[in-house]
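Me: Please take a close look at one part of this protein for me, the residue that a database record marks as an active site. I would like to follow where it sits and what surrounds it.

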Amino acid sequence: MSDCIFCKIAAGEMPSNKVLETENVLVFHDIAPAAKVHVLVIPKKHIASLNDITEEDASLMGEVLLAAKQAAETLGIADSGYRVINNIGSDGGQVVHHIHFHVLGGEKLGALVG
Ligand code: 5GP
Ligand code: ZN
């Protein structure tokens with residue numbers, strides 16, 4: 001998608017502070033961190049939201065979750081714990097319509113659920 005910010009970041013057309021990159025996935029620091037550590041994990045392929053994944057994307061979504069775990073390890077937050085969040089659509093608070101998983105940690109996070 002030519003007008004998608006995260007496609008531009010994935011293509012290297014817009015700068016980002018990268019944590020890790022594989023053939024299909026990119027992890028980079030959020031521009032407006034909501035916790036001491038806040039990175040975003042995206043597939044390089046444009047998928048608008050979780051509502052738009054298909055069975056064809058099953059393996060890719062597995063790679064996305066693996067990259068979230070690897071980024072947490074690289075950033076030193078894996079052992080103390082962290083949170084992975086995916087916002088979907090308007091009620092979910094999704095602003096950027098390229099699927100992404102927030103990885104938040106580095107401090108004690110307030111309870112969202114439970
Ligand atoms: P959403 O609300 O869609 O789940 O989250 C979008 C996230 O993308 C927000 O946390 C926002 O700070 C981040 N973001 C928006 N534009 C950019 C950008 O150009 N670069 C980076 N690194 N993060 C961005
Ligand atoms: Zn995109």
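**The marked histidine and its surroundings**

Reply: H100 is buried, because 24 other C-beta atoms lie within 10 Å of its own, and a residue counts as buried once that number is 20 or more. This is read from a predicted model, so the picture that follows is computed from predicted atoms. The reason for choosing this residue comes from UniProt, where an unreviewed entry places the feature "active site" at H100.

Along the chain, H100 belongs to the loop that lies between α3 (89-92) and β5 (101-105). Leaving aside residues up to four places away in sequence, H100 touches F6, L40, V41 and I42. To see what these contacts belong to, it helps to turn to the strands.

The strand β3 covers residues 37-43, and 5 of its 7 residues are buried, so β3 is largely enclosed by the rest of the structure. On one side, β3 pairs with β5 in the antiparallel sense over 5 bridges, and within this pairing V41, one of the residues that H100 touches, stands opposite F101 of β5. β3 is also joined to β2 by 5 bridges, again with the two strands running antiparallel. Here L40, another of the residues touched by H100, stands opposite F28, while P43 of β3 has V25 opposite it.

Moving further across, we come to β2, which spans residues 25-29. Of its 5 residues, 4 are buried, so β2 too is largely enclosed by the rest of the structure. β2 pairs with β1 in the antiparallel sense over 3 bridges, and these two strands form a hairpin with 3 residues between them. Within this hairpin L20 stands opposite V27 of β2, and E21 has L26 as its bridge partner in β2.

These pairings can now be put together. The 5 strands form an open sheet with antiparallel pairing, and their order across the sheet is β1-β2-β3-β5-β4. Its edges are formed by β1 (18-21) and β4 (82-85), each of which pairs on one side only. If direction is ignored, neighbouring strands of this sheet are turned by 20° against each other on average. Helix α2, made of residues 58-74, packs on this sheet and touches β1, β2, β3, β4 and β5, and its direction makes about 155° with that of β3.

Finally, the whole chain gives the setting for this one residue. Its secondary structure comes to 3 helices and 5 strands, and from the N terminus on the elements run α-β-β-β-α-β-α-β. The radius of gyration is 14 Å, close to the 13 Å that the globule rule gives for 114 residues, so the chain is as compact as a globular protein of that length. Along the principal axes, the C-alpha atoms fill a box of roughly 35 × 30 × 25 Å. Of the 114 residues, 26% count as buried, and H100 is itself a buried residue. Among the contacts between residues at least 6 apart in sequence, 58% join residues that are at least 24 apart.

How values were computed. Residues numbered from 1 in each chain as written. Chains lettered and ligands numbered in written order. Predicted model: local features only at pLDDT ≥ 70, side-chain atom pairs only at ≥ 80, totals over all residues. UniProt positions renumbered as here; feature names shortened; annotations may be inferred. Buried ≥ 20, exposed ≤ 12 C-beta atoms within 10 Å, placed from the backbone. Contact = placed C-beta atoms within 7 Å. Pairing = 2+ DSSP bridges. Axes fitted to C-alpha atoms, helices over the stretch in contact; angles between N-to-C directions. Rg over C-alpha atoms; globule rule 2.2 N^0.38 Å.
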